[in-house]
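User: I am new to this structure and would like to learn how to read its features one at a time. Could you take me through them slowly, with the general idea before each case?

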Amino acid sequence: MNKNFTYGKIIIAGAGPGDPDLITLKLQKALSQADAILVDRLANKEIWQRYAQKEAIILDVGKKAYSCSSTSQKEINELLIECAAKYSLTLRLKGGDISIYGNLTAELETLKAHQIPYELIPGITAASGIASYAAIPLTARGIAQSVRFVSLNPQTTIKEVVWRDWAATDDTLVFYMSLQNIHQLAESLLQYGANPEKPMALVLNGTTSAQKTIITTLEESSKKDFSIYQGMPGLVIIGKVAALHHQYKWVTEQEKLISIFDN
Ligand code: SAH
């Protein structure tokens, strides 16, 4: 490569949880300047349809959890290098916030290794967006002291000591990428001594017009059939705060279940 060659800049930005109005002004500005945009499956397409330049190249690099039909991290890393070589500004858009279950380091390592200049822009993570749109204050005074963002997916092994802690805590537990394992989650918590009446919220398609909130308990959810929700983005919130939804909900949700990926 030519000695005077310099790569263009890559901005890695969080697109928020779904509602296109939940993006930062900084992202809006980046969208209006980017030559190419690499987008995730969870980033709402309305966002770039509204704010990107007409000529911008849109590259869909959506990753579907545990699916072979999605773009691998290796392919995404290669695309980032290619784009940085071709364009002066490339925007890499990720769902929610980039630092939460966003595989950020894999991409940063690639950029560092090639000395590609970059900038990072935060986004509203699913837990924050849903806390507002489903009216579930994550640390309500007197109810939950703190909140933990965790995950239970087929790639993680949870130690017994952690299960015991999760079962006993009054902290709010927010489970990302765990819809597939929701039964195992409820059953294991019960097995390790959690209160069967402990409230649990499952929020699908959070902050979008297809948001659906289901409030249940650990006991009830261990017997419920959640198969119709598989494949949709879903967040599981466990703790007493989940029941506050009934008291404070303000978003009118549709009866019919639709997936945000269908439209
Ligand atoms: N970086 C993202 C999380 C990516 S991991 C963030 O900060 O939000 C993907 C997981 O996030 C999904 O499996 C789901 O658990 C959760 N998620 C993301 N968007 C969501 C939405 N709109 N509604 C419900 N859950 C969502």
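User: Which helix holds Trp48, and is Trp48 buried or exposed?

Analyst: This is a predicted model, and in it Trp48 is found in helix 2, which spans residues 45-51. A residue is called buried when its relative accessible area is under 20%. Trp48 has a relative accessibility of 13%, so Trp48 counts as buried.

User: What does Trp48 touch, leaving aside residues up to four places away in sequence?

Analyst: With those sequence neighbours set aside, Trp48 touches Leu31, Ile37, Val39, Ala43, Ile58 and Leu93. For a sense of distance, the C-alpha atoms of Trp48 and Thr252 are separated by 26 Å, and these two residues lie 204 residues apart along the chain.

User: How should I read a longer element, and which residues of helix 3 are buried?

Analyst: One can begin with the span of the helix and then ask where its buried residues lie. Helix 3 covers residues 73-86, and its 14 residues reach 20 Å from the first C-alpha to the last, close to the 20 Å expected at 1.5 Å a residue. The buried residues in helix 3 are Gln73, Ile76, Asn77, Leu80, Ile81, Cys83 and Ala84. Seen down the axis of helix 3, these buried residues fall within an arc of 165°, so they line one face of the helix. On the other side of helix 3, Lys74 and Lys86 are exposed.

User: What covers the buried residues of helix 3?

Analyst: The cover includes strand 1 (9-14), strand 2 (36-39), strand 3 (57-60) and strand 4 (89-94), together with helix 4 (104-113). Asn77, which lies in helix 3, gives a closer view, being buried with a relative accessible area of 14%. Asn77 touches Ala106, Glu107 and Thr110 when residues up to four places away in sequence are not counted, and a polar contact of 3.3 Å joins the side chains of Asn77 and Thr110.

User: How do I read a strand, and which way do the residues of strand 7 point?

Analyst: In a regular strand the side chains alternate between the two faces of the sheet. In strand 7, Thr172, Val174 and Tyr176 point one way while Leu173 and Phe175 point the other way, and all are buried. Strand 7, which runs over residues 172-176, is thus mostly covered, with five of its five residues buried.

User: Which strands pair with strand 7, and in what sense?

Analyst: Strand 6 (residues 147-151) pairs with strand 7 in the parallel sense over five bridges, and within strand 7 the bridge partner of Ser151 is Tyr176. The chain crosses from strand 6 through helix 6 (residues 160-168) to strand 7, and this β-α-β crossover is right-handed. Strand 10 (residues 234-238) also pairs with strand 7, in the antiparallel sense over three bridges, and there the bridge partner of Val174 is Ile237 in strand 10.

User: Where do the buried residues of helix 7 lie around its axis?

Analyst: The buried residues of helix 7 (residues 182-191) are Ile182, Leu185, Ala186, Ser188 and Leu189. They cover an arc of only 170° around the axis, which puts them on the same side of helix 7. These buried residues pack against helix 6, strand 7, strand 8 (199-204), helix 8 (218-221) and strand 10. Just after helix 7, Gly193 takes a positive phi of about 100°.

Key:
Residues numbered from 1 in each chain as written. Predicted model: local features only at pLDDT ≥ 70, side-chain atom pairs only at ≥ 80, totals over all residues. Heavy atoms only, no water. Buried < 20%, exposed > 50% of the residue type's maximum accessible area, 1.4 Å probe, protein only. Helix = DSSP H or I, 4+ residues; strand = E, 2+ residues; numbered from the N terminus. Pairing = 2+ DSSP bridges. Right-handed = clockwise from strand over helix to strand, strands pointing away. Expected span 1.5 Å × (residues − 1). Arc of directions from axis to C-beta. Contact = heavy atoms within 4.5 Å. Polar contact = N/O pair within 3.5 Å; in protein donor to acceptor, adjacent residues only side chain to side chain.
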